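Subject: Structure for you to look at

Hello,

Here is the structure I promised to pass on. Please open it first, then read my notes below.

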Amino acid sequence: MVVGLKVPLPTNEELECEEVNLGAPTLKAGAFHLGKYCEEKNDEFMLCRKEEGRIKCVNEGKEVTACTMDFFRKLKKSCAPELKAYAYCIDQSSVRYTYYPCRKTQIAFDQCVLENLGIERPIYWYYTRPRVFESKIRPEPAPEVRPVFPNRPTAPIPEEGLPDPIPGKMNSRYWFFS
């Protein structure tokens with residue numbers, strides 16, 4: 001990626017934070033519950049990123065990472081064997097880390113998370129449904145000003161004043177589609 005000299009980049013001290021040092025099967029096993037646990041912070045980060053770009057939203061990204069670390073620490077204290085069994089099943093059952101061969105371990109994991117953390121597994125399409133996020137931190141953006149063109153006609157064009165359309169030479173051009 002090419003960056004110009006005038007682009008302000010964050011320093012190394014601003015970028016440093018604790019990393020989530022987990023493998024893909026473990027992250028995939030806890031993904032649904034993690035999404036519910038950190039939903040507000042993640043939505044705040046995505047809104048900031050959409051409005052201001054990646055560079056200005058480093059602190060919001062750190063909050064999401066800290067929330068993820070907090071979630072997996074709590075999960076390790078209360079449901080470590082179930083998470084380990086579920087992640088192992090996801091890892092070993094298929095090349096693409098699919099969920100469907102691991103429904104028995106998933107049920108045990110979901111039950112443990114519900115009992116200990118109080119987080120119910122959301123329905124599969126929960127994260128794809130449209131929703132409006134009301135930010136408590138960020139102000140609403142200013143409304144977009146639409147340009148006014150001076151040569152725009154003020155009155156509608158009458159139908160009787162339009163010329164008749166000229167028919168094509170060979171009737172319809174789309175005769176071969178029917």
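**Helix packing**

This is a predicted model. Start with helix H5 and helix H6, which covers residues 103-116. The two helices pack at an angle of about 165°, and their axes are 9 Å apart. Over 145 degrees counts as roughly antiparallel, so H5 and H6 are roughly antiparallel to each other. Their crossing is left-handed.

Which residues of H5 and H6 meet? From H5 come Leu-75, Ser-78, Cys-79, Glu-82, Leu-83, Ala-85, Tyr-86 and Cys-89. From H6 come Thr-105, Gln-106, Ala-108, Phe-109, Cys-112, Val-113 and Asn-116. The residues of this contact of H5 with H6 divide into ten nonpolar, four polar and one charged.

H5 also packs with H4. H4 spans residues 39-52, and H5 spans residues 58-93. Here the angle is about 155°, with the axes 9 Å apart. That makes H4 roughly antiparallel to H5. The crossing of H4 and H5 is left-handed.

On the H4 side, look for Lys-41, Asn-42, Phe-45 and Cys-48. They meet Glu-60, Gly-61, Glu-63, Val-64 and Cys-67 in H5. The contact of H4 with H5 has four nonpolar, two polar and three charged residues.

**Aromatic rings**

How many aromatic pairs does a search of the whole structure find? The search finds eight. One of them is Phe-32 with Tyr-127. The ring centres are 6.4 Å apart and the planes are at 50°, so this pair is tilted. The pair links distant parts of the chain. Phe-32 is in helix H3, residues 31-37, while Tyr-127 is in the segment after H6. In sequence, the two are 95 residues apart.

Is Phe-32 buried or exposed? Phe-32 is buried, with a relative accessible area of 9%. Tyr-127 is partly exposed, at 31%.

Tyr-127 also pairs with Tyr-126. Those ring centres are 5.0 Å apart. Their planes are at 85°, so the pair is edge-to-face. Tyr-126 is buried, with a relative accessible area of 12%.

Now look at the wider group. Ring pairs link Phe-32, Tyr-86, Tyr-99, Phe-109, Tyr-124, Tyr-126 and Tyr-127 into a cluster. Two of these names appeared earlier: Tyr-86 in H5 and Phe-109 in H6 are among the residues where those helices meet.

**Two residues in H6**

Asp-110 lies in helix H6. Its relative accessibility is 15%. Under 20% counts as buried, so Asp-110 is buried. Which residues does Asp-110 contact, leaving aside its neighbours within four places in sequence? They are His-33 and Arg-121.

Gln-106 lies in helix H6 too. At 8% relative accessibility, Gln-106 counts as buried. Again leaving aside neighbours within four places in sequence, Gln-106 is in contact with Tyr-86 and Arg-121. So Arg-121 appears in both lists, for Asp-110 and for Gln-106. Tyr-86 also belongs to the ring cluster.

Try finding Gln-106 in the structure, then follow its contacts to Tyr-86 and Arg-121. From Arg-121, go on to Asp-110, and from there to His-33.

Best wishes

Conventions:
Residues numbered from 1 in each chain as written. Predicted model: local features only at pLDDT ≥ 70, side-chain atom pairs only at ≥ 80, totals over all residues. Heavy atoms only, no water. Axes fitted to C-alpha atoms, helices over the stretch in contact; angles between N-to-C directions. Helix = DSSP H or I, 4+ residues; strand = E, 2+ residues; numbered from the N terminus. Parallel < 35°, antiparallel > 145°, perpendicular 65-115°, else oblique. Left-handed = near helix turned anticlockwise from the far one by under 90°. Contact = heavy atoms within 4.5 Å. Nonpolar A, V, L, I, M, F, W, Y, C, P; charged D, E, K, R; others polar. Phe/Tyr/Trp six-rings, centres within 6.5 Å; stacked < 30°, edge-to-face > 60°. Buried < 20%, exposed > 50% of the residue type's maximum accessible area, 1.4 Å probe, protein only.
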